[in-house]
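Reader: Please take a close look at the nonpolar interior of this protein and describe how it is assembled. A connected account, with the cut-offs behind each term, would be appreciated.

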Amino acid sequence: MFAASAALCGCYAWREPQNRNYIMCMGIDAADTGWRVTYSFPDLAALTGTDTQPAEPVRTVDAATIRDASAKLNASSDKIADYSQLSVILLGDSIERRSERMEQLLHELTAEKAVKRTVMIGRVNGSAEDIVLLDEKVNGSIGVFLYELCQNNYEDRGYHLSVLEDFVGGRGQKECVIPVFEEQKEWPVLVKLEKLQ
């Protein structure tokens, strides 16, 4: 009786916060059989200034679909993947802007209910995996670092931050731009802004 009441009241969490892998940044590259998805997780000690467990290492998964990649990530850990804190999705240059692969990817991402349509989308000159692997170079999270880098460079100047919704025909504002990143001297750098057409 108590368990049923707790579930109905929303007091019961299927997984406690410490049993979740909070994904902060996801890099996606085209692979021969689907996608190469690279996940980064927050360094909670650096972000919160508290004593907590060390950050999860970056993980790369090859899978036929985004959903399969998430399932493989879950199977490789005692924690469940949680997209609620996802701030950035990076697309490698192996995924051409106007291609079947891009359409397939957008369909898969929007089908994943856990992925917010307000997540920032960025592109990479090169491999998205290479940028996500720079997670250890930044303090706290590569996702937070890239998001704040974009805010400082264009969102605060009145540009519209490119988000998943824009790619699937959502808002389409004329000042929408896509940040393009690359690795320079083992550091993630915002190299240009492209208009979303």
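Author: The account below begins with the basis of the model, turns to the interior, and ends with the aromatic and cysteine side chains. This is a predicted model, in which local features need pLDDT of at least 70 and side-chain atom pairs count only at pLDDT 80 or more, while totals for chains, interfaces and linings use all residues. Residues are numbered from 1 along each chain as its sequence is written, and side-chain values use heavy atoms, with hydrogens and water left out.

The protein has 7 helices and 10 strands (DSSP runs, H or I of at least four residues for helices and E of at least two for strands, numbered from the N terminus). Of its 197 residues, 43% are buried (under 20% relative accessible area, with exposed meaning over 50% and partly exposed in between, for a 1.4 Å probe and protein chains only). Among contacts with a separation of 6 or more, 66% join residues 24 or more positions apart (a contact means heavy atoms within 4.5 Å).

The largest nonpolar core holds 30 residues, of which M26, I28, Y39 and I89 touch the most other members (such a core is a set of buried Ala, Val, Leu, Ile, Met, Phe, Trp, Tyr and Cys residues joined through side-chain atoms within 4.5 Å). Elements giving two or more residues to this core include β2 (25-31), β3 (34-40), α4 (100-111) and β9 (176-183). The largest share, 4 residues, comes from α4. M26 touches, among others, V37, Y39, Y83, I89, L109 and V132, not counting residues up to four places away in sequence. Apart from this core lies another, of 18 residues, among them V88, V124, I131 and V177.

There is 1 aromatic pair (ring centres of Phe, Tyr and Trp, the last by its six-membered ring, within 6.5 Å; planes under 30 degrees apart are stacked, over 60 edge-to-face and the rest tilted). The rings of F145 and W187 have centres 5.6 Å apart and planes at 85°, so the pair is edge-to-face. F145 lies in helix α6 (residues 142-153) and W187 in the loop between β9 and β10 (188-195), 42 residues apart. F145 is partly exposed at 23% relative accessibility, and W187 is partly exposed at 35%.

As for the cysteines, C25 is buried at 0% relative accessibility, and C150 is buried at 0% as well. The count of disulfides is 0 (pairs of cysteine sulfur atoms within 2.5 Å).
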